[in-house]
Amino acid sequence: MTAHLGCRDLTVRFGGVVACSGLTLSVEQGQIVALIGPNGAGKTTLFNVFSRLQRQDGGHVLLRDETIDNRRPHEMATLGMARTFQNVNLFADLTTQDNILVGAHRLTYSVAASLFGLPRVWRRERGLLSHVREIAAMLRLEDVLYNPVGDLPYGYQKRVELARALAAQPELILLDEPVAGCNEEETAELKLLIHRINKEQKITVLLVEHNMSMVMDIADYIYVINFGANLAQGTPAEVRGNPAVIAAYLGDDSP
């Protein structure tokens with residue numbers, strides 16, 4: 001399989017604090033890969049490095065086996081990467097449809113064409129609305145397309161954020177705690193949707209998640225990090241029984 005995303009010997013420091021220490025991992029194309037670890041292990045920092053919101057102090061970030069160390073955040077969408085955030089980050093006063101449209105701006109935006117109202121822009125925008133409605137149908141958001149997002153239940157807002165990421169037509173999506181704050185029903189629905197996105201849309205998924213039941217059900221491969229360093233990796237079955245992982249989560253200090 002082809003490595004879609006990865007890092008090699010990655011180090012990130014915040015002053016005297018080492019958030020990531022020599023991390024190495026690889027997300028294979030077409031997989032759902034989970035990144036787990038205790039709070040403060042460096043998971044979100046790693047996501048920020050992958051999406052170029054944070055620069056590393058050492059090591060390299062790789063996309064399709066090419067280094068992207070010098071790429072800027074706004075370039076990542078054009079390289080086929082999208083992401084969601086740990087906390088819902090939507091425009092509360094805009095409708096569901098408009099929030100999803102924001103995610104598709106890279107597909108249509110042209111300064112000159114927009115200024116002069118060229119016909120091809122109108123055609124693109126009509127096509128884009130159709131694209132948005134297809135995504136909304138897949139994520140079961142058709143009934144709230146014209147509702148302000150701020151009025152929606154939290155589980156719906158999580159789906160809108162996922163829909164906005166999908167609107168950019170990514171080949172790879174980073175999901176930062178996609179079911180955090182969701183109830184059991186919302187979690188089950190989002191788990192199913194992530195699985196569909198991966199299998200039906202052929203989108204590679206890297207997710208950070210604390211819901212271990214979901215991770216074990218959905219992930220093809222798991223990386224465990226602790227104190228910013230690689231602790232363990234393997235299939236769900238291999239990680240579930242790993243003594244080092246159990247110790248990290250349960251705080252086992254025995255030798």
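Me: Two strands pair if DSSP finds at least two bridges between them; helices (H or I, at least four residues) and strands (E, at least two) are DSSP runs, numbered from the N terminus. Which residue in β5 is the bridge partner of L63?

Reply: This is a predicted model, in which local features need pLDDT of at least 70 and side-chain atom pairs count only at pLDDT 80 or more, while totals for chains, interfaces and linings use all residues. Residues are numbered from 1 along each chain as its sequence is written, and side-chain values use heavy atoms, with hydrogens and water left out. Strand β4 (residues 58–63) pairs with β5 in the antiparallel sense over two bridges. Within β5, the bridge partner of L63 is E66.

Me: Which strands stand at the edges of the sheet that contains β4 and β5?

Reply: β4 and β5 belong to an open sheet of four strands with antiparallel pairing, in the order β2-β1-β4-β5. Two of these strands have a single partner strand each, so one side of each is left without a neighbour in the sheet. These edge strands are β2 and β5 (66–67).

Me: Which residue in the turn between β1 and β2 has a positive phi?

Reply: Strand β1 (residues 3–14) is joined to strand β2 (residues 17–28) by eight bridges in the antiparallel sense, and C7 has L25 in β2 as its bridge partner. The two strands form a hairpin with two residues between them. The turn residue whose phi is positive, at about 65 degrees, is G15.

Me: At what angle does α1 run to β1?

Reply: Helix α1 (residues 43–50) is mostly covered, with six of its eight residues buried (under 20% relative accessible area with a 1.4 Å probe, protein chains only; exposed is over 50%, and partly exposed lies in between). The buried residues are K43, T45, L46, F47, V49 and F50, and just after the helix R52 takes a positive phi of about 70 degrees. Angles run from 0 to 180 degrees between N-to-C directions of axes fitted to C-alpha atoms, for helices over the stretch in contact, where contact means heavy atoms within 4.5 Å. α1 lies across β1, β2 and β4, and its angle to β1 is about 115 degrees.

Me: By how much are neighbouring strands of the sheet of six strands turned against each other on average?

Reply: This open sheet has mixed pairing and the order β6-β7-β8-β3-β9-β10. Its edges are β6 (81–83) and β10 (229–234), each with a single partner strand, so one side of each is left without a neighbour in the sheet. With direction ignored, the average turn between neighbouring strands is 20 degrees.

Me: Which residue in β8 is the bridge partner of L175?

Reply: On one side, β7 is joined to β6 by three bridges in the parallel sense, and M81 stands opposite L172. Strand β7 (residues 172–176) also runs parallel to strand β8 (residues 204–208), with five bridges between them. L174 stands opposite L206 in β8, and the partner of L175 is L207.

Me: Is β7 largely enclosed or open to the surroundings?

Reply: In a regular strand the side chains alternate between the two faces of the sheet. In β7, L172, L174 and D176 on one side and I173 and L175 on the other are all buried, and both faces are covered. Five of the five residues of β7 are buried, so with respect to the rest of the structure the strand is largely enclosed.

Me: How many residues are in the second, separate core?

Reply: A nonpolar core is a set of buried Ala, Val, Leu, Ile, Met, Phe, Trp, Tyr and Cys residues joined through side-chain atoms within 4.5 Å. The largest has 45 residues, of which L139, L141, L162, L166, I173, L207 and I222 touch the most other members. Among the elements that give two or more residues to this core are β3 (32–36), α5 (119–138), α6 (154–166) and β7. The second core includes C7, C20, L172 and L174, and its residue count is 27.

Me: Is R164 buried or exposed?

Reply: R164 lies in helix α6. Leaving aside neighbours within four places in sequence, R164 is in contact with N89, L90, F91, N99, I100, V102 and G103. A104, 60 residues away in sequence, is 7.4 Å from R164 in space, C-alpha to C-alpha. Because its relative accessibility is 14%, R164 counts as buried.

Me: What percentage of the residues in the protein is buried?

Reply: The protein has 10 helices and 10 strands. Among its contacts between residues at least 6 apart in sequence, 67% join residues at least 24 apart. Of the 255 residues, the buried share is 48%.
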